[in-house]
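Dear colleague,

Please find below the structure that I am handing over to you. My findings follow directly after it.

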Amino acid sequence: MQGDFFGSTSLRHVSGAIHFSTSRTQFSAARLDDQFSVDNDSLDATALLGPVVLRAKDKNITLDRVQGSVDVTNSNGSVEITAAPPLDAITIQNQHGSVDLGLPGNAGFNANAKTRNGDMEDDFNLTPSGSNDAHNLSGAVDGGGPTVTVSTTDGDVTLRRSTVAPLPP
């Protein structure tokens with residue numbers, strides 16, 4: 001789908017590739033097992049198979065139960081993602097908003113998270129560093145694995161353990 005849409009746009013159960021493009025949002029995923037909705041200030045999706053690529057402005061983003069690689073760039077809104085196993089590479093770049101990332105509790109990964117003008121929280125005992133208004137968390141979890149990179153300004157970063165089922169084949 002391409003164009004400028006007014007009001008809310010929704011998709012459900014799309015077995016093939018999804019491409020959605022407007023002047024403020026570019027989104028693609030390999031498959032949608034549940035729902036996707038977008039309106040003026042939010043984008044929500046559940047049960048996505050990656051690779052997922054999202055470029056947005058002025059949106060609060062919630063992606064729940066995402067399997068496969070994830071690459072999100074956003075500004076002026078929050079980003080909340082819950083990854084489903086098996087974990088793949090995740091990159092989140094946000095400006096002027098918090099990031100909350102749920103990762104499978106038994107997955108190994110290499111983390112690199114940073115914020116400017118925000119706080120850091122994590123459930124994985126990562127090594128904090130930084131000074132004044134710049135904070136970082138980094139390290140290998142459970143022997144390492146895919147790279148998880150999170151960066152934001154003017155917002156908090158939370159890396160939390162989550163328990164969600166993998167998507168069906």
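I begin with the protein as a whole. Of its 169 residues, 44% count as buried. Please bear in mind that the model is a predicted one, and that the values given here were computed from it.

The protein contains 17 strands and 0 helices. Its radius of gyration is 16 Å, close to the 15 Å that the globule rule gives for 169 residues, so the protein is as compact as a globular protein of that length. The C-alpha trace spans about 45 × 35 × 20 Å along its principal axes. Among the contacts with a separation of 6 or more, 41% are accounted for by residues 24 or more positions apart.

As to the surface, the accessible area of the protein comes to about 7,900 Å², and carbon and sulfur atoms hold 46% of it. There are 20 negative and 11 positive side chains, and the centres of these two sets lie 5 Å apart.

I then examined one strand in detail, namely strand 10, which covers residues 90-95. Which of its side chains are buried, and which are not? The side chains alternate along the strand: I90, I92 and N94 point to one face and are buried, whereas T91, Q93 and Q95 point to the other face and are not buried.

Strand 10 has pairing partners in strand 8 and strand 16. With strand 8 (residues 70-75), strand 10 pairs in the parallel sense over 6 bridges. Strand 16 (residues 147-153) also runs parallel to strand 10, and 4 bridges join the two.

Q93, a residue of strand 10, illustrates these pairings. Its bridge partner on one strand is T73, and in strand 16 Q93 stands opposite S151. Leaving aside residues up to four places away in sequence, Q93 touches V72, T73, N74 and S151. Thus T73 and S151 appear both as partners of Q93 and among the residues that Q93 touches. For V72, a separation can be given as well: the C-alpha atoms of Q93 and V72 are separated by 6.2 Å, although the two residues are 21 residues apart along the chain.

Finally, how does Q93 count in terms of exposure? Its relative accessibility is 43%, so Q93 counts as partly exposed; the class lies between buried, under 20%, and exposed, over 50%. This agrees with the placing of Q93 on the face of strand 10 whose side chains are not buried.

Yours sincerely

Note on methods: Residues are numbered from 1 along each chain as its sequence is written. This is a predicted model: local features need pLDDT of at least 70, side-chain atom pairs count only at pLDDT 80 or more; totals for chains, interfaces and linings use all residues. Side-chain values use heavy atoms; hydrogens and water are left out. Buried means under 20% relative accessible area, exposed over 50%, partly exposed in between (1.4 Å probe, protein chains only). Helices (H or I, at least four residues) and strands (E, at least two) are DSSP runs, numbered from the N terminus. Two strands pair if DSSP finds at least two bridges between them. Contact means heavy atoms within 4.5 Å. The radius of gyration is taken over C-alpha atoms; the globule rule is 2.2 Å times the number of residues to the power 0.38. Accessible areas come from the Shrake-Rupley method with a 1.4 Å probe; for residues, only the protein chains shown count as cover. Lys and Arg count as positive and Asp and Glu as negative; His and the chain ends are not counted. The place of a charge is taken as NZ of Lys, CZ of Arg, CG of Asp or CD of Glu.
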